[in-house]
Amino acid sequence: MQIDTIILRIREFLVTKFPRVQKLNNNENLLENDLLDSLAILDVVAFLESEFRITMTDEELIPENFESIQSLANFVEKKQIGQKSQLNT
Amino acid sequence: MSITIRQADLALDKKLLIDTFFRYLTPLSDGRRFDWLYRHNPHGEARVWIATDTHKGAVVGIASAFPRRVCFDGSEELGWVLGDFCITDQYRSLGPALKLQRACLEDIDSGTVSFCIDFPSVNMMAVYKRLGINPLTQMLRLAKPLRIDRIIGKFLKASVITDTLNAASKFLLAISNRRPKNMGLLTIALHEGACGEEFSALAGDVSKQYGVCSHRSAQYLNWRYLSNPLQHYQLLTVRQSNTLLAYAVITHTGQDLNLIDLFGVKDPEIISSLVYGVVTLARKRNAVTVSMSITKSHPWIPFFHQLGFREREESPVVVYIPRTLASKCNVLQSVNWFLMDGDRDS
């Protein structure tokens, strides 16, 4: 899946759930703007896992991966590539 | 990011812990609070885990466990009440909190204690949800209004009307507080000084009637309430021919009187009389409400309804039992936990 499509889907989900995200660009910090608390992160994790068919471990639930829409998308892309190469080996 | 968890040394890490709690948890964090809560608990010293970002060498979060002896089925078990859990601002992405909480639960799994209880916030419940742990029961807040001038004042400005409404409401609320029928033989009074052995004797006699409950020895009550440097508590006792039958622990928050603990002979007349005594005292002190938090399965809730208490919000209670203690699981996992506000330490 193209990174632009991943960004679009993540943005759509976040805006529906947290309307304040509408005002943020893809690189603005979601954690510092108090948009995502622990409960919201759980929702985001559930969305990413079902929408992009990935599995997130506890170790991956770190601030770097949730900082912005861009970092969420980068994480999803990296994870999908990792899962694909695992399937091919 | 690499996060490591280590157990704190209460002496060596004292300043770090007090400072971190002050910054991220409570402005009440100081040396007195620390010594009282972490060192002087008669059920044992607290255990603390510190999460550190190894790259930055910075503290990421802290979790604490306070020992608690509970009685059930006529025996006694040592467990932990979890509390003082905090994660620094920049690490609130669930992962560090999960790692910290896992470390704490692994210690329980290794057999250190028989169970742990937590009264998690909404955000902390997200951590439990991810760990696959569901609440065992709910704490239910019950409140009895004594005056409604705070509510009337919100809507009406004219003092003549509000004064009249206040007087009428006060009268109506007062007649709803009916004196229990057989109070004549009972003496209800504020307790002076420290709790003596009669409190330990009452706990020994009565605890087995209450499912799973904290061991309320005199030593524990003196530490938990009377030596508490953070809040002033008072005990109201019910006696018959000088024999202690029950007691209530109360404190004030602003204009509200909080009933923190209520314990004694499982007799509706005695408990109703004690609560009547608490409400009467609250009226004398001009309190706006009397409120308490209590487990939803508590056997006295119907009496509280009769005494004019109304149900308010609920909050979850998590009880975690190590898998190795399967035989005790049925009892400890029952909903028959007798908990009140006094059972949470922070």
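This report looks at one helix in chain A and two loop asparagines in chain B.

The model is predicted, so to speak from the start: local features need pLDDT of at least 70, side-chain atom pairs count only at pLDDT 80 or more, and totals for chains, interfaces and linings use all residues. Residues are numbered from 1 along each chain as its sequence is written, with chains lettered from A and ligands numbered from 1 in the order in which they are written.

**The helix in chain A**

Helix 1 of chain A takes in residues 3–17, 15 in total, and runs 21 Å from its first C-alpha to its last, close to the 21 Å expected (1.5 Å times one less than the number of residues). Helices here are DSSP runs of H or I, at least four residues, and strands are runs of E, at least two, numbered from the N terminus.

Which residues of helix 1 of chain A are buried? They include A:Ile6, A:Ile10 and A:Leu14. These cover an arc of only 60° around the axis, so they sit on the same side of helix 1; the arc is that of the directions from the helix axis to the C-beta atoms. An α-helix has 3.6 residues a turn, so residues three or four places apart point the same way. On the face turned away from the buried side are the exposed A:Asp4, A:Thr5, A:Glu12 and A:Thr16. Buried means 20 or more other C-beta atoms within 10 Å of a residue's own, exposed means 12 or fewer, and partly exposed is in between, with C-beta atoms placed from the backbone.

**The asparagines in chain B**

Both entries below have a positive phi without being glycine.

| Residue | Phi | Loop in chain B | Other C-beta atoms within 10 Å |
|---|---|---|---|
| B:Asn242 | about 70° | between strand 9 (234–240) and strand 10 (243–253) | 7, exposed |
| B:Asn286 | near 65° | between helix 9 (268–284) and strand 12 (289–295) | 10, exposed |
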